[in-house]
Amino acid sequence: MNTLQEQTLLSRREQASLLAKLKEAQKEFGYVPREFMAETARALGLPIGAVYGMTTFYSFLSTRPLGKYVIRICKSIPCCMQNAAMIIDSVAAEIGITPGQNTADGRFSFELTNCIGACDMAPAMLLNDELHGHLSPGKIAEILKACK
Amino acid sequence: MSDVKVRIDGREVTAHEGMTILEAARLVDIEIPTLCHSPDLIPSGNCRVCVVEIEGARTLAGACHTPAADGMVIQTRSPKVLTSRRATVELLMAGHTGECVTDVHTDQCDLRKLADHLEGGAPRFLMRKPRWYPIEEANPYVRRDMSKCILCRKCIGACQEIAKKNVYGIAYRGFASKVVVDFDDPLTTEVCRDCGICIDYCPTGALSKPAKRGGVQ
């Protein structure tokens, strides 16, 4: 590695410390606020784009406040092949929003996520920290009805 | 610095230690296509069109970032290389919209040129929704048409390493990946003044000089 490379690229240690900070913010505020990203960028001497880039890369970091119930539907290949698209559509029909949005009453947030390790139960989703697998439109209606 | 001897497409090449396969090949005028590489920038090796076959290696290697090692036997145009290169270009073309396919600006697009050169057919792959973006003309020095962007990251490198400004970053993931400014904000004159260095490095015309007001581009 030459000196220029050392100067310009995010070192692994910097990346790790940035990710740890973003995870802390997510835990504390429920999302990663803009001001937090700007401040972190300043503190670490990074461009804001690098911090925003890392935040938007990870499915479990959010750039907007989330609702009481966070629905995360897996969009990775095994779930896709088990018709995750149908599940996404049925959730959208149930709560009237598309992925990336919150319901107006703040009850639901709708997200897509990368693999959640439940390929054997595809198509799968997380409702907050609770795993639901072998989904069908009927099951979705049932699960969401239980969310008060 | 000691010399390393490699064999490229059957030709004996003597390169310096630390040279990449691409640099060694260029010593003897063997052309390996590149999109994300520039001799001025740190190799990122992310476009994958410069892949070559190294005897005994499990996978193809990116010529722009793999150092030439003594005794390497390298093929730059084997069937395996060409198949991979064509598929890569096809995939890039599927995420690349713009007038280069039909229009007068064809000559500005290195990707289109490469597709011609490799004699690949029309892409087999479907275009994906997140790859369409409105044209950004907020900045009087740089016009951004991100639908043409193939995410080679040369603009990021040029801004960082040459202009020393570090305006661009890369955000989102997968098909939705995009070169962004700050929080995916417009490129205003507040963050970017008049250097325009990134324009010279863009291989697809995603970055260009805006047309003069009232003039023709």
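Which residues in α3(A) meet which residues in α4(A)? On the α3(A) side they are Met37(A), Ala38(A), Thr40(A) and Ala41(A), and their partners in α4(A) are Ile48(A), Val51(A), Tyr52(A) and Thr55(A). Sorted by class, that contact comes out as 6 nonpolar, 2 polar and no charged residues. Keep in mind that this is a predicted model.

**Helix pairs in chain A**

Let's stay with that pair for a moment. Helix α3 of chain A covers residues 34-44 and helix α4 of chain A covers residues 48-57. Their axes are 8 Å apart and make an angle of about 125°. That angle makes α3(A) oblique to α4(A), because it is neither in the 65 to 115 range nor over 145 degrees. As for handedness, α3(A) and α4(A) cross in a right-handed way.

A second pair in chain A is built from helix α6 (residues 84-95) and helix α7 (residues 137-145). Here the axes sit 9 Å apart at an angle of about 40°, and α6(A) and α7(A) are therefore oblique to each other. The crossing of α6(A) and α7(A) is right-handed. From α6(A), the contact draws on Met86(A), Ile87(A), Ser90(A), Val91(A), Glu94(A) and Ile95(A). From α7(A) come Pro137(A), Ile140(A), Ala141(A) and Leu144(A). The class count for this contact is 8 nonpolar, 1 polar and 1 charged.

Here are the two pairs side by side.

| Helix pair | Angle | Axis distance |
|---|---|---|
| α3(A) and α4(A) | about 125° | 8 Å |
| α6(A) and α7(A) | about 40° | 9 Å |

**Domains**

Zooming out, chain A is assigned domain 1 (10-57) and domain 2 (69-145). Going by C-alpha atoms, the centres of domain 1 of chain A and domain 2 of chain A are 27 Å apart.

Chain B also gets a domain 1, at 3-77, and a domain 2, at 94-211. The centres of domain 1 of chain B and domain 2 of chain B are separated by 26 Å, again over C-alpha atoms. Domain 1 of chain B puts 11 residues into the contact, and domain 2 of chain B puts in 14 residues. What classes of residue does domain 1 of chain B show to domain 2 of chain B? That side has 7 nonpolar, 3 polar and 1 charged residues.

**Chain B as a whole**

Chain B has 5 helices and 9 strands. Read from the N terminus, the elements of chain B go β-β-α-β-β-β-α-α-β-α-β-β-α-β. Along the principal axes, the C-alpha atoms of chain B fill a box of roughly 55 × 40 × 35 Å. How does the radius of gyration of chain B fit a compact globule? For 217 residues such a globule would come in near 17 Å, and chain B has 19 Å, which agrees.

**Where the chains meet**

Between the two chains, 15 residues of chain B are in contact with 12 residues of chain A. On the chain B side, the elements that give two or more residues are α4 (154-162), β7 (168-171) and β8 (178-181) of chain B. Which of them gives the most? That would be β7(B), with 4 residues. The class split for the side of chain B that touches chain A is 8 nonpolar, 3 polar and 4 charged.

Note on methods
Residues are numbered from 1 along each chain as its sequence is written. Chains are lettered from A and ligands numbered from 1 in the order in which they are written. This is a predicted model: local features need pLDDT of at least 70, side-chain atom pairs count only at pLDDT 80 or more; totals for chains, interfaces and linings use all residues. Domain bounds come from an automatic or database domain assignment. Two residues are in contact if their C-beta atoms, placed from the backbone, lie within 7 Å. Ala, Val, Leu, Ile, Met, Phe, Trp, Tyr, Cys and Pro count as nonpolar, Asp, Glu, Lys and Arg as charged, and the others, Gly among them, as polar. Axes are lines fitted to C-alpha atoms, for helices over the stretch in contact, and angles run from 0 to 180 degrees between N-to-C directions. Angles under 35 degrees count as roughly parallel, over 145 as roughly antiparallel, 65 to 115 as roughly perpendicular and the rest as oblique. A crossing is left-handed if the near helix is turned anticlockwise from the far one by less than a right angle, and right-handed if clockwise. The radius of gyration is taken over C-alpha atoms; the globule rule is 2.2 Å times the number of residues to the power 0.38.
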